[in-house]
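Reader: I am new to this structure. Please walk me through the ligand and its surroundings.

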Amino acid sequence: MTVHQNFIAGNWSQTDAVVENINPSDTRDIVGHYASADRAAVESAIEAAHTAFPAWARVSPEVRADILDRVGTEILARRDELGALLSREEGKILSEGVAEAARAGRVFKFFAGEALRLNGERITSVRPGVEVEVLREPEGVIGIITPWNFPLAIPAWKIAPALAYGNTVVFKPAELVPGSGWALAEILSRAGLPEGVFNLVIGPGSKVGQAMVESPKVRGISFTGSVPTGRRIGVACFEMGKKVQLELGGKNPLIVLADADLEVAANAIINGAFFSTGQRCTASSRIIVESGIHDRLIERLVDGLARLRVGHALKPDSHIGPVVNAAQLEQDLSYIKLGREEGGRLVFGGERLQREEPGHYLSPALFTGTDNSMRINREEIFGPVASVIRVESYEEAVAVANDTEFGLSSGICTTSLKFASDFKHRSAAGMVMVNLPTAGVDYHVPFGGRKGSSYGPREQGAYAREFYSVVKTAYTQP
Ligand code: NAD
């Protein structure tokens, strides 16, 4: 049996504890066996990163740029193979897996360039003869903790800027999908990084993640995952005086005004709510529809959903893959039951499906006749479940859209420039889309939310430097 080991201090360490990585499209298929780190292994990884930091912080940015560029080039060249591994372990369909792998490659290439662009400022002092400079420096050891739903892209958009700006890294992928994170670590292990600059520790959050959060040698934690875990980590980091960045859940509204192009709106909803099995923090889960288009839109959506095939992620005719595991499927089904009990009308799907292979299959579920106070409209379900909330005006639509504890992404479908422009300003979300799904973003611009969805500086694009570097103000009397 081949065990995919942890990567600590430049070596593939030997571990006895092993976890099975199971394919959600076919639970008979074991994707691989992965080592599970214990506390001592995590501490070794942190120590290695701590030791490697001073030299890496001073290395020429050209060296960092070349390494990140090599990593990006290899990921792009192997996008089909890496995408297939990702789809096999996570369950998004192959085209989505390959696109995510390509995105991860692009992210490394983007930050290769950014490594060369890290600059400071020189400001005229109020004291004549004194020079003031604002310098940017790396933080130190960064702990990176990621969720299962984007097992390559999210690690890439955290690891690449951390390394680009001169930090060292201890990376813990989600234990449900260790394969993509391991493959990324394997590429990084051959890219020319000095020993200890990048470390991989696979294992449960309560043990491995917790040890990273609790270590005084880890200067910052970048976390993406659920609200309860994120909040606990945030409090622990605050108590230890640690920098923290949290990307959490969403309950993203997509407004459809009566003047919308029906086809554009239906496509945005089907893509935003149900693609990637609805397992995206930016999924369009609350569809807020003006009365004038309501019935036509529902008819069009039901028709569109009936054409989608739910099946094995690696089969070319599948449009939607399985739910990630049995526990998530149970959560989705219990919310579907709750939606009915709350008075929602299930107009499509919401049923467990049997396929040739034993997997966690669920038909995409669409509720109508819901209101924004129902739990299915307030709590993140994280599955292929969306509900329609009918409204009478644009003003009501905006009020409903913003009435949520989350604020990650939002959208509006309209042919009116006036409403589109107004909504861009009034939406209380970190990302706003016009005539587009709430999910699906570029890799070179900031990503993040407001309110309960995010905490700390933005991820991605040049804005990532706010988390992965720290400012120092230097005064000189020449
Ligand atoms: P999760 O919170 O269960 O786990 C996330 C990571 O935290 C995993 O690696 C896990 O092992 C680790 N972890 C768990 N307990 C820990 C602890 N006590 N200390 C340290 N680490 C710990 O989330 P998940 O189920 O993997 O992911 C789904 C969630 O992620 C959803 O809520 C989704 O909205 C969110 N998400 C957010 C974004 C975003 O950018 N806002 C993107 C993707 C996913």
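**Around the ligand**

Author: This is a predicted model. α7 gives the most to the shell around the ligand, namely three residues. At least two residues each come from α7 (205–214), β11 (218–224) and α8 (227–239).

Reader: What makes a residue part of the surroundings, and how many residues surround the ligand?

Author: A heavy atom of the residue must lie within 4 Å of the ligand. 27 residues surround the ligand, and the closest are T146, E175, S226, L248 and E380.

Reader: How do you know that W148 makes a polar contact with the ligand?

Author: The cut-off for a pair of N or O atoms is 3.5 Å. In W148, a side-chain N or O atom is 2.9 Å from an oxygen atom of the ligand. That pair therefore counts. Q210 has a polar side-chain atom 3.1 Å from a ligand nitrogen, so this pair counts too. For T229 the value is 3.1 Å, to an oxygen atom of the ligand. The protein buries 89% of the 850 Å² that the ligand exposes when taken alone.

Reader: What is the make-up of the shell around the ligand?

Author: The shell holds 13 nonpolar, ten polar and four charged residues.

Reader: Why is the ligand said to lie between domain 1 and domain 2?

Author: Domain 1 (3–248 + 444–476) and domain 2 (252–434) both give residues to the shell, so the ligand lies between them. The ligand sits in the largest pocket.

Terms used
Residues numbered from 1 in each chain as written. Predicted model: local features only at pLDDT ≥ 70, side-chain atom pairs only at ≥ 80, totals over all residues. Heavy atoms only, no water. Polar contact = N/O pair within 3.5 Å; in protein donor to acceptor, adjacent residues only side chain to side chain. Areas by Shrake-Rupley, 256 points an atom, 1.4 Å probe, with all protein chains shown as cover. 1 Å grid on protein atoms, 1.4 Å probe; cavity = no way out; pocket = protein on both sides within 12 Å on 5 of 7 lines; lining within 4 Å. Sits in = over half its atoms within 2 Å of the grid points. Helix = DSSP H or I, 4+ residues; strand = E, 2+ residues; numbered from the N terminus. Nonpolar A, V, L, I, M, F, W, Y, C, P; charged D, E, K, R; others polar. Domains from an automatic or database assignment.
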